[in-house]
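Visitor: Please give me a close look at one charged side chain and the pair it belongs to. Then work outward from there to the rest of the model.

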Amino acid sequence: MAEKTYRVTGMTCAACSAHVEKAVSKIEGVNSCAVNPVTGIMTVRFDESRADFEDIKKAVEGAGYGIDAPRVKETAVAIEGMTCAACAAAVERSIKRLRGVREVSVNLATNKARLKYDPYEVKLSDIKSAVANAGYSVKETGRDDGERASGLAGMKARLITAAVFSAPILYLAMSHMFGMALPVPEAVSPHANPLAFALAQLVAAVPVMIAGGGFFRSGSKALFRGAPNMDTLVAIGTGSAFLYSAYAAARIALGDASFLRALYFESSAVVITLVMTGKFLEAASKGKASEAIKRLLSLRPDTAAVIRDGRETRVPLDEIAVGDTVVVRPGESVPVDGRVAGGASFVDESMLTGESAPVEKREGSAVTGGSINGEGLLSVIVTRTGEDTALSKIIRLVEEAQGKKAPIARLADVVSGYFVPAVMGIAAAAAAAWALSGRDFEFVLNIFVTVLVIACPCALGLATPAAIMAGTGRGAELGILIKGGEALETLHKTKIAVLDKTGTLTEGKPVLTDAYACGGFSRTEALVLLASAESGSEHPAAKAVINAAAKEGLTIGRPEEFRAAAGMGIEARVDGKRVLAGSAAFMAENGVDVSEADPRGLAERGKTLIYLAADGKLAGLFAAADALKETSAEAVSSLKALGITVYMITGDNKSTAETVAKEAGIENVLAEVLPGGKAEKVNELRRKGTVAMAGDGINDAPALAAADVGIAIGTGADVAAETADAVLMRGDPRGVPAAVELSRATMRIVRQNLFWAFIYNTIGIPLAAGVFYAVFGPQFAFNPVYAGAAMALSSVSVVSNALRLKRFKPKHTKI
């Protein structure tokens, strides 16, 4: 039974709301309906297998009112105060409890919560309150870089303070363990002056506890809210050691020197220092993982030179409007998307597309905001600004990708939710067991503190998101935008790659290669007639004809009448003549005899044939060819090397398709597939294994959506890019195998991280609890200091392992 809310319009009083309730309640499958006449919100409980929105809409409109379609808003909020996976789980649970929240995912690596919610049922202020109730806060946007730098500086200062004061404590308390007699001043010698020895450690430990005060504040808050986290473990463990050591110092002051053995100031101080070291390195590493976005943001200049009232004026980027003319000097960043109106230059687009070679730009060329101008001066007419620019879309895609979890992370999320309470239970149980076995209090305390300190939910929580963050960031640098963890995880399973022919494997810009006249027409007359008729068409082959006529300097007219027959040809009236242009089947359908023309040699070479007829008689035969991209054969070879079966799909005839496929090295050809049938073919192939589909056109969008992973060629239509799970910023098909390799490398890192995170805790916690001590003897006794070091190392190693992806390079292809 589903419960959904809708906004009803047109109501003026309580009688109206009652009327709507009555109408909707009559629908079969509706269990209850409640309408608030003040807010206009209607809440309906219904069986989705028996009723849907259209039924409800029909009932409301039948009652004389209007209804807004259900809306789901998607947003991301930055969370402050999270330190481990348990924190992320607590925030996620708190937000999920809100009515109207459809989906929520909290990412520890980015410290962001990405959620989908119904704005009619829940407001952003409610979400902020839920975060606050979990013990955390929502950070205002626009402060990330400055705050991160400031936060790291603060962490570093506190770490230095802790290290400076921990060093003398460690020296005093553990010098006898270093295998040599290190000199200790007699004033603080444990034998000559036990009280001074204890007080010196106490005085040095206090600044360390203050420097690590964040653990105690965060840990106690989380504990009192019933959602203990990693800070809780550190706070209880080190706090217990410090308080007991303070008690021991008091007993020494009262004359009982036997309590010298009960001083654990070094455990509390050094553990806090080591954990702080781990957190600092972790934060610095997480910052490196998001460097891809920072570099993209740095491409956007703050101001631009705009021509207004005939004068050049430098204005903030936000003040630039579509239609403005901006001046881009040598070495400057292109501020927004536009078209070159004057000048010529070479532009570096490497940060956006991964293409290292500068691209030539001249009058009429499109330029992208964020690219770097070379040595020429460009005058650019603005076509897109703000959030609509390609750079903004890329940044948004990368941010969203880094915020989305992979399905493989779900196990870690479940474990993290129960991890900290379980560890606290194990610590208490282990301490109780050793106490009952007759061990002294110092040993029991050592076990209790070590178990609490060694446990690390951070490693579990960071295992997947850190790798996803680094992988998607590296992909963006290579011109491969993968939209999240789920797409990455699915892509690495790819068994079948379906490549669209036009625009993906080929240039997508056919050129006229052959022109033959007949029926009394000269070649020039036939070409002018065909170009004039085709000037009303948007088909690529039509553009090839028009371009050929223009190159020859021919003057073409406009058709007086025009009609396109989808997939067949065109019919037009030019200079009073009824002109037909298209396939042989189109000619036959219109009673035109084409036997005078022999197309065999052209068709065998994979060319697209265009028959021309004037007033019912054949006037010519033309052929256009769409050249294969230089990198297509290499892309196909690379996919095969990765163990992937390659298919080519096209609407072209079988002969043309097989010629192109042979040139590209593809054995599996799906030819003569109409646009509506591409998705059907993809679904058939999905029965054989995971399918990745690559295409660039509007007619590819359904097939991209049908595939397990849709890959859009970024030079193509926007709708294809929106439908796809990944976008190749260049029109290079080698991006397809490179994306597969990147996904496989990322998932390999994810598995390694999860393995080590689970193994670390699986071995570390029993070791700290004294299980190995009980079985194998005293050589397996574990000190809290070592536990702290191990804990710090675990989370740092997971993030460091993920950062290896920043050096990723495809092995099977060059890109």
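**Charged pairs**

Guide: Start with K4, which counts as partly exposed because its relative accessibility is 29%. Buried would need under 20%, and exposed over 50%. Bear in mind throughout that this is a predicted model.

K4 has a charged partner. Its side chain meets that of E48 in a salt bridge, at 3.0 Å from N to O. The two residues are 44 apart, so to speak, in the count along the chain, and the pair links distant parts of it. K4 belongs to strand 1 (residues 2–9). E48 sits in the loop between strand 3 (41–46) and helix 2 (53–62).

This pair is one of a set. The structure holds 19 salt bridges. Three more examples follow.

R474 and E477 form a salt bridge, with 3.0 Å between the closest N and O atoms. Here the setting is a helix. Both residues lie in helix 15 (residues 457–477), and because they are three residues apart, about one helical turn separates them. R474 counts as buried, because its relative accessibility is 13%. E477, at 19%, also counts as buried. The cut-off for that label is under 20%.

R523 and E552 make another salt bridge, at 3.1 Å from N to O. This pair, too, links distant parts of the chain, 29 residues apart. R523 is in helix 18 (residues 523–534). E552 is in the loop between helix 19 (540–551) and strand 21 (561–565). R523 counts as partly exposed at 38% relative accessibility. E552 counts as partly exposed at 39%.

The last example goes beyond a pair. R563, E571 and R578 are linked in a network of salt bridges.

**The nonpolar core**

Now leave the charges. The largest nonpolar core has 139 residues. I79, M82, I95, Y136 and I711 have the most contacts inside it. Helix 27 (residues 735–769) gives the largest share of this core, 15 residues. Two domains also contribute. Domain 2 (73–144) and domain 4 (479–506 + 629–739) both give residues to the core, so it lies between them.

Take M82 as a way in. Leaving out residues up to four places away in sequence, M82 touches C87, A88, V91, V106, N107, L108, N111 and Y136. Y136 is itself among the residues with the most contacts inside the core.

C87, A88 and V91 lead on to helix 3, where they are among the buried residues. Helix 3 covers residues 85–96, twelve in number. From first C-alpha to last it reaches 16 Å, close to the 16 Å expected at 1.5 Å a residue. Ten of its twelve residues are buried, so helix 3 is largely enclosed by the rest of the structure. The buried list runs A85, A86, C87, A88, A89, A90, V91, E92, S94 and I95. I95 appears again among the residues with the most contacts in the core.

**Two buried side chains**

Q201 is found in helix 6 (residues 194–211). It is buried, because its relative accessible area is 1%. Its contacts, not counting residues up to four places away in sequence, are I169, L172, A173, L263, F265 and E266.

Y244 lies in helix 8 (residues 230–253). This tyrosine is buried as well, with a relative accessible area of 12%. Beyond residues up to four places away in sequence, Y244 touches F259, A262, Y264, F441, E442 and L445. Of these, take Y264. Y244 and Y264 stand 20 residues apart in sequence, yet 7.6 Å apart in space, C-alpha to C-alpha.

**A three-stranded sheet**

One open sheet has three strands in the order 14-13-16, with antiparallel pairing. Strand 14 (359–361) and strand 16 (372–373) stand at the edges. Each has a single partner strand, so one side of each is left without a neighbour in the sheet. Strand 13 (residues 345–348) pairs with strand 16 in the antiparallel sense, over two bridges. V347 stands opposite N373 of strand 16.

**The whole chain**

Step back for the totals. The protein has 29 helices and 30 strands. Of its 815 residues, 51% count as buried. Among contacts between residues at least 6 apart in sequence, 67% join residues at least 24 apart.

Definitions and conventions:
Residues are numbered from 1 along each chain as its sequence is written. This is a predicted model: local features need pLDDT of at least 70, side-chain atom pairs count only at pLDDT 80 or more; totals for chains, interfaces and linings use all residues. Side-chain values use heavy atoms; hydrogens and water are left out. Helices (H or I, at least four residues) and strands (E, at least two) are DSSP runs, numbered from the N terminus. The expected span of a helix is 1.5 Å times one less than its number of residues. Buried means under 20% relative accessible area, exposed over 50%, partly exposed in between (1.4 Å probe, protein chains only). Two strands pair if DSSP finds at least two bridges between them. A nonpolar core is a set of buried Ala, Val, Leu, Ile, Met, Phe, Trp, Tyr and Cys residues joined through side-chain atoms within 4.5 Å. Domain bounds come from an automatic or database domain assignment. Contact means heavy atoms within 4.5 Å. A salt bridge is a side-chain nitrogen of Lys or Arg within 4 Å of a carboxyl oxygen of Asp or Glu.
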